[in-house]
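Please open the model in your viewer and keep the sequence panel beside it, since this tour moves from one selection to the next.

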Amino acid sequence: MSTVTATTTRRIDAPADRVLAALADYRGTRPHLLPEQFTDYEVLEGGQGPGTEVRWKLHATKKRVRDVLAVVTATDRHALVESDANSSLVTTWRVEDDGPDASEVVVTSEWDGASGVGGFFERTFAPRGLDRIYGELLDNLADAVAR
């Protein structure tokens, strides 16, 4: 087994505190940011930043669906961490200032991948798929915080 890592980065024309607040709003803003690959989204506890528990189904492909039960924590004031209670998946959202009215958002997902040939394909193709999915989510985020 080896760790699979997928990272997506975007510069967003909005202050970092506004961007992070939008990401941390799991009840209000976050559901509107999700692309079609996220279904059955439901906040179970909390709803605002650390302490939130939320679930969804992530449709990585038409046949590959992951049931996620995310517990939200924070490593520091610039990051949210979503740890999946159903698997080894951990997604970190880091938001840093990129000038006075802009920010850089870095989304990194890591999990224990399969071994053998299946693991090779997972390490090769999963990061590309997640980059596309999270890229769309970050585009939606940029539109939401620009208002």
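The stops below go from the sheet to its strands, then to the rings, and finally to the core.

Before you start, note that this is a predicted model, in which local features need pLDDT of at least 70 and side-chain atom pairs count only at pLDDT 80 or more, while totals for chains, interfaces and linings use all residues. Residues are numbered from 1 along each chain as its sequence is written, and side-chain values use heavy atoms, with hydrogens and water left out.

**The sheet**

Begin with a cartoon view and colour the strands, which, like the helices, are DSSP runs numbered from the N terminus (helices are H or I with at least four residues, strands are E with at least two). Seven strands make up an open sheet, and following it across gives the order β1-β7-β6-β5-β4-β3-β2, with antiparallel pairing; two strands count as paired if DSSP finds at least two bridges between them. Select residues 3–12 and then 38–45 to see the edge strands, β1 and β2, each of which pairs on one side only. On average, neighbouring strands of this sheet are turned by 20° against each other, direction ignored.

Now add residues 16–24, which are helix α1: this helix packs on the sheet and touches β1, β5 (79–84), β6 and β7, and its direction makes about 155° with that of β6. Contact here means heavy atoms within 4.5 Å, and the axes behind such angles are lines fitted to C-alpha atoms, for helices over the stretch in contact, with angles running from 0 to 180 degrees between N-to-C directions.

**Strand β6 and its neighbours**

Select residues 90–97, strand β6, together with residues 103–112, strand β7, and you will have two antiparallel strands joined by eight bridges. Within this pair Thr91 stands opposite Ser109, and Trp93 stands opposite Val107. The hairpin of β6 and β7 has five residues between the strands, and in it Gly99 takes a positive phi near 100°. On the other side, β5 and β6 pair in the antiparallel sense over five bridges, a hairpin of five residues joins them, and Leu80 stands opposite Trp93.

Is Val90, in strand β6, buried or exposed, or something in between? Val90 counts as partly exposed because its relative accessible area is 30%, where buried means under 20%, exposed means over 50%, and partly exposed lies in between (1.4 Å probe, protein chains only). Its C-alpha atom is separated by 5.4 Å from that of Glu110, although the two residues are 20 residues apart along the chain.

**The rings**

Show the side chains of Phe38, Tyr41, Trp56, Trp93 and Tyr134, which ring pairs link into a cluster. Rings of Phe, Tyr and Trp (its six-membered ring) pair if their centres lie within 6.5 Å, and planes under 30 degrees apart count as stacked, over 60 as edge-to-face and the rest as tilted. Four aromatic pairs are found in a search of the whole structure. One of them is the stacked pair of Tyr41 and Trp56, at 6.3 Å centre to centre with 15° between the planes; Tyr41 lies in strand β2 and Trp56 in strand β3 (residues 53–59), 15 residues apart. Tyr41 is partly exposed because its relative accessibility is 21%, whereas Trp56 is buried because its value is 7%.

While you are in strand β2, click on Asp40, which has a positive phi of about 55° although it is not a glycine. Most residues other than glycine have a negative phi.

**Trp93 and the core**

Which residue lies over the face of Trp93? Arg30 does, at 4.8 Å from the ring centre, and a charge sits over a ring if NZ of Lys or CZ of Arg is within 6 Å of the ring centre and within 35 degrees of the ring normal. Trp93 counts as buried because its relative accessibility is 1%. Not counting residues up to four places away in sequence, Trp93 touches several others, including Leu23, Leu80, Val105, Tyr134 and Leu138.

Finally, look at the largest nonpolar core, in which, of 35 residues, Val19, Leu23, Phe38, Leu80, Trp93, Val105 and Leu141 touch the most other members. Such a core is a set of buried Ala, Val, Leu, Ile, Met, Phe, Trp, Tyr and Cys residues joined through side-chain atoms within 4.5 Å. Helix α3 gives the most to this core, with seven residues.
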